[in-house]
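Please open the model in your viewer and keep the sequence panel beside it. We will go from selection to selection, with a short note at each stop.

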Amino acid sequence: GNVTTNDPSLSLSFNSSGVTLGDFTSASATTTTATFSILNYTSYGYVAQIIGNPPSNGAYSLTAMSTTGASTPGTSQYGINLVANTSPASVGANPNNGSFGFGQVAPNYSTPNQFRYVSGETVALAPKSSGLTTYTITYLVNVAGLTPGGQFTSDQTIIVTGTY
C-alpha cells in the first residue's frame, strides 16, 4: 500500500466565490448560502473563526445579531448559522463529514432557525484529527422600513487554526 506521511496538514478551501444577497425588503427576510471545506490531518483538531463587519452602505451598517435569535422581518438584523434551516426559508445544510470527518458547528451557530453574528467567534471546530468537512454558512438579513437604499457590502475572513 501507499505510505502516508506523518506531517500535519490543515487546509481551507472556499467552494463559493462570493455571496450575493440580492434586494432587501422590510416585509421578509433575505437569505443565501456559501460553503467552505476544511481538511485536517494529524493535528489534534482545529477551530474556525469568522472575522469582519456586517454589511454596510456608507455610514449605515446592518445590526449584527450579538445574541442568538430568530429572524424578525421589519428590524435591522444580520446573522449566520451553519446548519439546515426551515425558517425563514428551507436553506442551509448540516456539516458534511464524509467518511472520516469529525468537524462540528460551534454551539452559538448550531441551532436551526437561530442566527447570530459576533466577529471573531468560533463558528466550527474539530476536537481531533479529522478528514474533510464541508460547512454551509446561511446568511440572514432583515431590514427596517427606513433602511437606506443602495448597495451593501462586507468583507469577512474565515481563519482556521490547528490545535496541537
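The tour below goes through a sheet, a second set of paired strands, a pocket and a few single residues. Keep in mind throughout that this is a predicted model.

**Stop 1: the open sheet**

Start by selecting strands S7, S8, S3 and S10. These 4 strands form an open sheet in the order S7-S8-S3-S10, with antiparallel pairing. Which strands stand at the edges? They are S7 (104-105) and S10 (156-162); each has a single partner strand, so one side of each is left without a neighbour in the sheet.

Now colour S3, residues 46-52, and look towards S10: the two strands pair in the antiparallel sense over 7 bridges. Two positions make handy landmarks along this pairing. Gly-52 stands opposite Gln-156 in S10, and Ile-50 stands opposite Ile-158 in S10.

Turn next to the pairing between S3 and S8 (residues 122-126), where 4 bridges join the antiparallel strands. Click on Gln-49 here, and then on Thr-122, its bridge partner in S8.

Before leaving S3, show its side chains and compare the two faces. Tyr-46, Ala-48, Ile-50 and Gly-52 make up the covered face, while Val-47, Gln-49 and Ile-51 make up the uncovered one. Both landmarks from the S10 pairing, Gly-52 and Ile-50, thus belong to the covered face.

**Stop 2: strand S9 and its partners**

Select S9, residues 132-142. Of its 11 residues, 9 are buried, so S9 is largely enclosed by the rest of the structure.

Add S2 (30-41) to the selection. S2 and S9 pair in the antiparallel sense over 10 bridges; to find your place among them, pick Phe-36, whose bridge partner in S9 is Tyr-135. Then add S6 (77-81), which pairs with S9 over 5 bridges, again in the antiparallel sense. Gly-79 is a good residue to click, with Leu-140 as its bridge partner in S9.

Stay on S9 and centre the view on Thr-136, which lies in this strand. Is Thr-136 buried or exposed? Its relative accessible area is 10%, so Thr-136 counts as buried. Show its surroundings and, setting aside residues up to four places away in sequence, you will find that Thr-136 touches Thr-33, Ala-34, Thr-35, Asn-81, Leu-82, Val-83, Gly-92 and Ala-93.

**Stop 3: the largest pocket**

Switch on a surface and look for the largest pocket, which holds about 670 Å³ of space. Strands S2, S9 and S10 are the elements that give two or more residues to the lining of this pocket. The lining has 29 residues in total, and those nearest the centre are Gly-18, Val-19, Thr-20, Leu-21 and Ser-154. Colour the lining by residue type and you get 14 nonpolar, 13 polar and 2 charged residues.

**Stop 4: Ser-76**

Now find Ser-76, in the loop between S5 (60-61) and S6 (77-81). How does Ser-76 score for burial? With a relative accessibility of 17%, Ser-76 is classed as buried. Draw a distance from its side chain to the backbone nitrogen of Thr-63, and the value is 3.0 Å. Apart from neighbours within four places in sequence, the contacts of Ser-76 are Tyr-60, Ser-61, Leu-62, Thr-63, Asn-142, Val-143 and Ala-144.

From here, draw one more line, C-alpha to C-alpha, from Ser-76 to Ser-90. They are 14 residues apart in sequence and 21 Å apart in space.

**Stop 5: two backbone details**

Finish with the backbone. Most residues other than glycine have a negative phi, and most peptide bonds are trans. Select Pro-88, in the loop between S6 and S7. The peptide bond from Ser-87 to Pro-88 is cis, with omega near 10°.

Last, go to Asn-113 in the loop between S7 and S8. What is the phi of Asn-113? Its phi is near 70°, a positive value in a residue other than glycine.

Note on methods:
Residues are numbered from 1 along each chain as its sequence is written. This is a predicted model: local features need pLDDT of at least 70, side-chain atom pairs count only at pLDDT 80 or more; totals for chains, interfaces and linings use all residues. Side-chain values use heavy atoms; hydrogens and water are left out. Buried means under 20% relative accessible area, exposed over 50%, partly exposed in between (1.4 Å probe, protein chains only). A polar contact is a pair of N or O atoms within 3.5 Å; within protein, one must be able to donate a hydrogen and the other to accept it, and residues adjacent in sequence count only if both atoms are side-chain atoms. Contact means heavy atoms within 4.5 Å. Two strands pair if DSSP finds at least two bridges between them. On a 1 Å grid over the protein atoms alone, a cavity is a set of points where a 1.4 Å probe fits but cannot get out, and a pocket is an open set with protein on both sides within 12 Å along at least five of seven lines; lining residues have an atom within 4 Å of a point. Grid points are joined across faces, edges and corners, and a volume is the space filled by probe spheres set on the points. Ala, Val, Leu, Ile, Met, Phe, Trp, Tyr, Cys and Pro count as nonpolar, Asp, Glu, Lys and Arg as charged, and the others, Gly among them, as polar.
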